[in-house]
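Visitor: Could you walk me through reading salt bridges and a ligand site in a model like this one?

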Amino acid sequence: MYFPNEVEKVLFTEEQITARVKELGAELTKEYSGKNPLFLCVLRGASVFFADLIRNVECPLEIDFIKASSYVGTNSSGDVTVGGEMPDISGRDVVLVEDIVDTARTLSKLKTLLLDIKPRSLRVAALLDKPSRRAVEGFKADYTGYEIDDLFVVGYGLDCDAKFRNLPYIGVLKS
Ligand code: IMP
């Protein structure tokens, strides 16, 4: 298994993630049965989770992508940038798919921008959540894979300075 020097330990194995994503997919299938939701991937971190999640949701969904960034190295800059055109979500049932909720600044800014376009509904699915790091009080994703402690994690789409997204597991970075 590819295990770079910078990684201290595995937090969730590929098998554990596969099983959890399947469970989340089943919850979303139940929620959106009979509907035609739009799954919106927050690039780039959510890309791997998104690809697995949508293949576990059994309903006629559509996909789109949005780009947001706020991190430099292992620190949230607090300055959230949303790139490119906003997707046309008016009147749609939208599921915003993110890799991790940390301070929640990114998702709360994205939610505000998206709600302006008047979707029919807007829910958030995040693979990971670090509740102890919250800057936006009370923010919670509607669907969460795992709550974790205040650790910087990489792999399964998550990066540190653009590296480690290709690890098939989620690992803790050496501090
Ligand atoms: P927030 O705006 O502070 O909630 O940060 C959200 C974004 O920061 C996520 O979409 C990630 O891209 C990045 N991020 C936060 N924590 C981690 C981490 O532990 N590893 C990698 N990226 C992280």
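Visitor: Is E31 buried or exposed?

Guide: Buried means under 20% relative accessible area, exposed over 50%, partly exposed in between (1.4 Å probe, protein chains only). E31 is partly exposed, at a relative accessible area of 32%. Keep in mind that this is a predicted model, where local features need pLDDT of at least 70, side-chain atom pairs count only at pLDDT 80 or more, and totals for chains, interfaces and linings use all residues. Residues are numbered from 1 along each chain as its sequence is written, and side-chain values use heavy atoms, with hydrogens and water left out.

Visitor: Which residue forms a salt bridge with E31?

Guide: A salt bridge is a side-chain nitrogen of Lys or Arg within 4 Å of a carboxyl oxygen of Asp or Glu. Here the partner of E31 is R123, with the closest N and O atoms 3.0 Å apart. E31 sits in helix α1 (residues 14–32) and R123 in strand β6 (residues 121–129), so the pair ties together parts 92 residues apart in sequence. Helices (H or I, at least four residues) and strands (E, at least two) are DSSP runs, numbered from the N terminus.

Visitor: And what about D93 and R120?

Guide: They form a salt bridge too, at 2.8 Å between the closest N and O atoms. D93 is buried at 7% relative accessible area, while R120 is exposed at 58%.

Visitor: Which side chains make polar contacts with the ligand?

Guide: A polar contact is a pair of N or O atoms within 3.5 Å; within protein, one must be able to donate a hydrogen and the other to accept it, and residues adjacent in sequence count only if both atoms are side-chain atoms. A ligand oxygen lies 2.8 Å from a side-chain N or O atom of D99, and the value is 2.4 Å for T103.
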